[in-house]
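Work through the exercises below with the model open. Each task is followed by a stepwise solution.

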Amino acid sequence: MKGTEMLKQSKFCLIFFLITSLICPSFIGCGSDNDNEDNTTPPSLPPDSSLTMDLTTFGGEKMAPASQAPGKNFSNASIRVLFLDVGIVIALLPATTVFKAAKSVEPVKQDDGSWLWSYKTPFLGQTYEANLTASLEPDKVVWTMKVTNPTFKTPLKNFQWYVGESALNNSNGSWQFFDPATPDKVTEIGSIEWTVKSLTKGEIAFSAKNPNNQIFGDKATYSIDGTTVLVTYFDSSAKITAEVTWDTVTTAGSLKVPDYNSGNRAYWDENKQDIVK
């Protein structure tokens, strides 16, 4: 692989590593009703899919015939997706582990009318003390996640990790993430806009916000519509967009990248062999 292509692929993956450090093909959560005018019951938590993406369907379990190696198109796309998947597996766990653990505790209503999920959860030998707060407003729920972890590389004490908003029916929302490496000052490193339209239709759009980072201004989107997944990445410095798409059932798909196949869309079939359309 040419050096320039590998560099661009690495950057394509870097933004997703950042996404997952902050933070299924199905977007569970649409339809959860938080229309609670008297605020007597806690609002429903945003869906897990508002913080993550599922790349496990890429390639599926079906391998190419033993006599055939995967084609160049699938191989090129798989390198990109592999970096994304590794980034998710490694970097996604802290935030999602802490967030998902909120489901195991009962929130307590506070004097100001907000709801507090307070709990501890372990991760890789460390313990996060989490305080997730929800404030119900007439048209939305406002969320704040604060954590304490004295054994973190930069010790955290009531650190505001991320904040967000969600629609009353959990059909859409947003998150803003802050850098735990600088807990003494507010440094926004990324934001997510998420939408859930059904159990199998939704989207997450991420934007890099830290001006000191080389991917500042870059954007990435993960969306699913039925069995079709589409991942796009916009490189703000190069002003180019790359995308990979595939079917979660057949695993056939395509990629369109400026530095591959002369910028034309390149396809593979269910056997991961190159095809022309």
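Two strands pair if DSSP finds at least two bridges between them. Helices (H or I, at least four residues) and strands (E, at least two) are DSSP runs, numbered from the N terminus. The model is predicted: local features need pLDDT of at least 70, side-chain atom pairs count only at pLDDT 80 or more, and totals for chains, interfaces and linings use all residues. Residues are numbered from 1 along each chain as its sequence is written, and side-chain values use heavy atoms, with hydrogens and water left out.

**Exercise 1. Trace the strand pairing from S6 to S10.**

Step 1. Start at S6 and S7: they pair in the antiparallel sense over seven bridges. Trp175 stands opposite Ile192 in S7.

Step 2. Go on to S8. Eight bridges join S7 to S8, again antiparallel. Glu193 has Ala205 in S8 as its bridge partner. The two strands form a hairpin with two residues between them.

Step 3. S8 and S9 run antiparallel, joined by seven bridges. Ile204 is matched with Tyr222 in S9.

Step 4. Finish at S10 (residues 228-235), which pairs with S9 in the antiparallel sense over seven bridges. Lys219 stands opposite Phe234 in S10. S9 and S10 form a hairpin with two residues between them, and Gly226 in the turn has a positive phi of about 70 degrees.

Step 5. Check burial, where buried means under 20% relative accessible area, exposed over 50% and partly exposed in between (1.4 Å probe, protein chains only). In S9 (residues 219-225), five of seven residues are buried.

**Exercise 2. Locate the largest nonpolar core and its contributors.**

Step 1. Apply the criterion: buried Ala, Val, Leu, Ile, Met, Phe, Trp, Tyr and Cys residues joined through side-chain atoms within 4.5 Å. The largest such core has 37 residues; Trp117, Met145 and Trp175 are among those with the most contacts inside it.

Step 2. Assign elements. Those supplying at least two residues each include helix H3 (93-100), strand S2 (115-123) and strand S5 (156-167). S5 gives the largest share, five residues.

Step 3. Separate the other core. It lies apart, has 18 residues and includes Phe58, Trp246, Tyr260 and Ala266.

Step 4. Inspect Trp175, using contact as heavy atoms within 4.5 Å. Beyond four places in sequence, Trp175 touches Pro46, Phe99, Trp143 and Tyr162, among others.

**Exercise 3. Which residues form the salt-bridge network?**

Step 1. Set the cut-off: a side-chain nitrogen of Lys or Arg within 4 Å of a carboxyl oxygen of Asp or Glu. The whole structure has five salt bridges.

Step 2. Take the Lys140 pairs. Glu137 meets Lys140 at 4.0 Å, N to O. Glu165 meets Lys140 at 3.1 Å, N to O. This second pair links strand S5 with strand S4, 25 residues apart.

Step 3. Join them: Glu137, Lys140 and Glu165 form the network.

Step 4. Compare with Asp48 and Lys103, whose closest N and O atoms are 2.8 Å apart. Asp48 counts as buried, at 18% relative accessibility. Lys103 is exposed, at 52%.

**Exercise 4. Where is confidence lowest, and where highest?**

Step 1. Use pLDDT, the predictor's confidence in each residue, from 0 to 100. The chain averages 83, and 80% of the residues score at least 70.

Step 2. Find the extremes. Helix H1 (residues 3-22) is lowest, at a mean of 46; strand S13 (residues 266-268) is highest, at 98.

Step 3. Mark the weak stretches. Residues 1-8 stay under 50. Residues 12-26 are also below 50. Where pLDDT is low, the predicted coordinates should not be read in detail.
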